[in-house]
Amino acid sequence: LKAQLTKFCSELCGGSVSRPLEKFVAEMLFGIQASQDVKLSSIARSLKEEIPLIKTEDRLSRNLKAAQLEGELTPQLAGMAGRRVQSNTVLCLDLSDIRKEYARKMEYLATIRDGSSGELHEGYWLCAITGAEVNGSEILPLYQKLYSTRAADFHGENAEVLSAIDLVRGSTGGRGIWTMDRGGDRKQLLEPLLDRRQRFVIRSTGKRTAVGKYHLERSVAEFAAKCKLRHRARVVKIQDGQEKTCDLRFGAESIRLPGRSEMLDLVVVAGFGREPMMLLTNALGGARDSESLWWIAQIYLTRWKIEETFRFLKQSYNLEDIRVRKYQRLKNLVVLVTAAAYFAATFLGQKMKPVSYTHLRAHE
């Protein structure tokens, strides 16, 4: 493990940080991987140094404050992972959170909305980008950043998301298909993606105004309601050893955003819940057959797989139990956890796939 980590850290640091910091990165990655924890005390214990434990903790804490760790390792990791991204790799951008409701002295604690319960608590936001293939099992961590809405360098959620997209886009050469949940169908994100000529599959809330045939303006939900669902599919969702079968119907409508000339497809999938799933995409390239439309649906199913794996990842490294107080240390530790996850997924070849989907497709 240490030999593999030495090789990985040499590539990750790429001569951009000092040798003492490179050694520190290797120690932290080994400690995170060995202890499956982000607490400095657990990491220090896993190093088994022949000095008092508090001395090891102090050294780790002192090195963890270096701002260049986040500044240098984040683009370097994205570059390493970006070489593995193919033309149709799904790039899942997810906004999640770290809940710290009992913390009092952690720097820049802000109000966050718990994604599971919807409750408001103190904590930090996470912006993560993870790659996966539609029919693959490997998860590829590309980017993860902790941020606070109270920090001086925070310029808005849209700015954080676009900054992450631009960094990963530069590392992948524009390859991949971006996928986001319902918060991603806002104008401030859709139009920049179109301007950057990036392909995407984004779930819509249905509230956004769109332009259809004959220049009629309606809400996306109204277009979805009139969409003819000509095709059928059966999906078997496998989770926790249990199978659940969903019989689906799906179809598509051509729309565009007001003030834009680019044509988009609204792919509507009924059968997952009470309301149909509405997917805005520019990745069809004019194809409207059953197989092409189902491929768009599979891209979004892949996003669900990535989301479940990300939750599994947070639990595996006990990320919710992060305890350092200073903001820069918090951000650096999240970058190191992302690097540890990438190392486990690629160098060690660990497959992280707690949820999967299979499907049988039948045409009308």
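This note comments on strand pairing and one helix contact in a predicted model.

1. Residues are numbered from 1 along each chain as its sequence is written. In this predicted model local features need pLDDT of at least 70, side-chain atom pairs count only at pLDDT 80 or more, and totals for chains, interfaces and linings use all residues, while side-chain values use heavy atoms, without hydrogens and water.

2. In strand β2 (residues 110-113; strands are DSSP E runs of at least two residues, helices H or I runs of at least four, numbered from the N terminus), Ala110 and Ile112 share one face and are buried (under 20% relative accessible area, 1.4 Å probe, protein chains only). Thr111 and Arg113 point to the other face and are not buried.

3. Strand β3 (residues 120-132) pairs with β2 in the antiparallel sense over four bridges (pairing requires at least two DSSP bridges). His121 of β3 stands opposite Ile112.

4. Seven of the eight residues of strand β11 (residues 263-270) are buried. Strand β10 (residues 242-256) runs antiparallel to β11, joined by eight bridges, and Ile255 stands opposite Leu264. Six residues lie between β10 and β11 in their hairpin, where Gly259 in the turn has a positive phi of about 85°.

5. On β11, five bridges also lead to the antiparallel strand β12 (residues 277-281), with Val267 opposite Leu279. This hairpin likewise has six residues between its strands, and Gly271 in the turn has a positive phi of about 130°.

6. Helix α5 (residues 67-82) contacts helix α6 (residues 157-172) (heavy atoms within 4.5 Å). Residues in the contact include Thr74 and Ala78 of α5 and Leu167 of α6.

Key: Buried < 20%, exposed > 50% of the residue type's maximum accessible area, 1.4 Å probe, protein only. Axes fitted to C-alpha atoms, helices over the stretch in contact; angles between N-to-C directions.
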